[in-house]
Amino acid sequence: MVRAKYRLTDKVAQPLKFNPTEKWADDSYVYLLDTERGICKKSPLNSQANLPTAYYLAEEDKPKPPPAPRPVRKSAVFAPPPPRYKTRLARGLAAAGMAVAAFLIIYPLWPGIEYELSRALNRQDSANAQLVKPDNLPVTAVNKVIIPKIKVSSAILEGPDLSILDREEGVWHQKGEAPGGNFVLAGHRFKYLPPNTSTLYNLGKLEPGDTIVIDWLGKRYVYAVSEVKTIGAGEVSILDQSLKQRITIYTCSDKQETERIVAIAEPVPY
């Protein structure tokens, strides 16, 4: 009888039922297989041989499938380079994007940079001296505030509240009169940026002794800065009236309006 292709695995106890359906033999043993139960009886071919009879689990000894062929490594295929005009266009767009990003980063900082450069070149002192001379800067018919050091030359606007600055460009006359008492002006710091002359972006750069000029009702009043400070947005003492003549100019320190930069100046002979 032709030997079936089965493989014996674990040894098991003699089953209660055993109905062999296949049989094969080798030089020493005869094999009886119960295909339904998957159990094979292994008995010595020669009953006189001192060999044991045992039962084993059996499973079909299927040939192993051949290994899958290794994928053939394809040589890299390089796409042809894009047309030269497309390369130039991509580079141009990238350069434009970088330029816009640099502009958005640097522009808000530029007023401070420009101020420091001008100061290093000693341009502010000469401009300061010229602007306060009546011959070089005639008194204007429009009420104005002029701060030579930070290049402010702005109209003084009248209105019930700060919203006037949303409709017109200038600084708001909040309270007081020139030349008596506490003359209070307020303006934007970030709505306009230099070289706009109505911005108070560099108000915090003022130092004691710097000049502030007020043209008011056809007359000129000259003041010297006495103090520059930062206060909380809720601090209202800067609006208090004073028997002593002074001007108070303030603006927001940051865009969240949590603090204010305040410059206080006192009159000097003109």
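This briefing describes the strands, cores, largest pocket and backbone features of one chain. The structure is a predicted model, and its secondary structure comes to four helices and 13 strands. Buried residues account for 33% of the 270 residues in the chain, and, among contacts between residues at least 6 apart in sequence, 51% join residues at least 24 apart.

**The β3, β4 and β5 strands**

- Strand β3, which covers residues 29-34, runs antiparallel to strand β4, residues 39-44, and six bridges join the two.
- Within this pairing, V30 has S43 of β4 as its bridge partner.
- The hairpin that β3 and β4 make has four residues between the strands, and in it G38 takes a positive phi near 65 degrees.
- Strand β4 is also joined by four bridges to strand β5, residues 54-60, again in an antiparallel arrangement, and here K41 has Y55 of β5 as its bridge partner.

**Strand β10 and its partners**

- Six of the six residues of β10 are buried, so this strand is largely enclosed by the rest of the structure.
- The burial applies to both faces of β10, with T211, V213 and D215 on one side and I212, I214 and W216 on the other.
- Strand β6 runs antiparallel to β10 and is joined to it by three bridges, with V145 standing opposite I214.
- Strand β11 likewise pairs with β10 in the antiparallel sense, over six bridges, and in this pairing W216 of β10 stands opposite K219 of β11.
- A hairpin with two residues between the strands connects β10 and β11, and L217 in its turn has a positive phi of about 55 degrees.

**Nonpolar cores**

- The largest nonpolar core holds 23 residues, of which V145, I147, L203, I212, I214 and I249 touch the most other members.
- Two or more residues of this core come from each of the elements β6 (144-147), β7 (152-157), β9 (182-186), β10 (211-216), β11 (219-232), β12 (246-252) and β13 (259-267).
- Apart from this core lies another, of 12 residues, whose members include I164, L165, W172 and V184.
- I212, one of the residues of the largest core that touch the most other members, is in contact, once its neighbours within four places in sequence are left aside, with V145, I146, I147, L206, Y221, V222, Y223, V225, I247, I249 and A265.
- As general background, nonpolar side chains in soluble globular proteins tend to be buried together.

**The largest pocket**

- The largest pocket contains about 210 Å³ of space, and its lining is made up of L162, W172, A186, G187, H188, A233, Y250, T251, C252, E257, E259 and R260.
- The elements giving two or more residues to this lining are β12 and β13, and β12 gives the most, with three residues.
- Sorted by class, the lining has six nonpolar, three polar and three charged residues.
- W172 appears both in the lining of this pocket and among the members of the core of 12 residues.

**Backbone features in the loops**

- The peptide bond from A178 to P179 is cis, with omega near 10 degrees, and P179 lies in the loop that runs between β8 (171-175) and β9.
- K151, in the loop between β6 and β7, has a phi near 60 degrees, which is a positive value in a residue other than glycine.
- The side of K151 is neither fully covered nor fully open by the accessibility criterion, since K151 is partly exposed, with a relative accessible area of 46%.
- L217, in the loop between β10 and β11, also has a positive phi, near 55 degrees, although this residue is not glycine.
- L217 is exposed, with a relative accessible area of 64%, whereas W216 in the adjoining strand β10 is buried.

Note on methods. Residues numbered from 1 in each chain as written. Predicted model: local features only at pLDDT ≥ 70, side-chain atom pairs only at ≥ 80, totals over all residues. Heavy atoms only, no water. Pairing = 2+ DSSP bridges. Core = buried A, V, L, I, M, F, W, Y, C linked by side-chain atoms within 4.5 Å. Buried < 20%, exposed > 50% of the residue type's maximum accessible area, 1.4 Å probe, protein only. Contact = heavy atoms within 4.5 Å. 1 Å grid on protein atoms, 1.4 Å probe; cavity = no way out; pocket = protein on both sides within 12 Å on 5 of 7 lines; lining within 4 Å. Points joined across faces, edges and corners; volume = space filled by probe spheres on them. Nonpolar A, V, L, I, M, F, W, Y, C, P; charged D, E, K, R; others polar.
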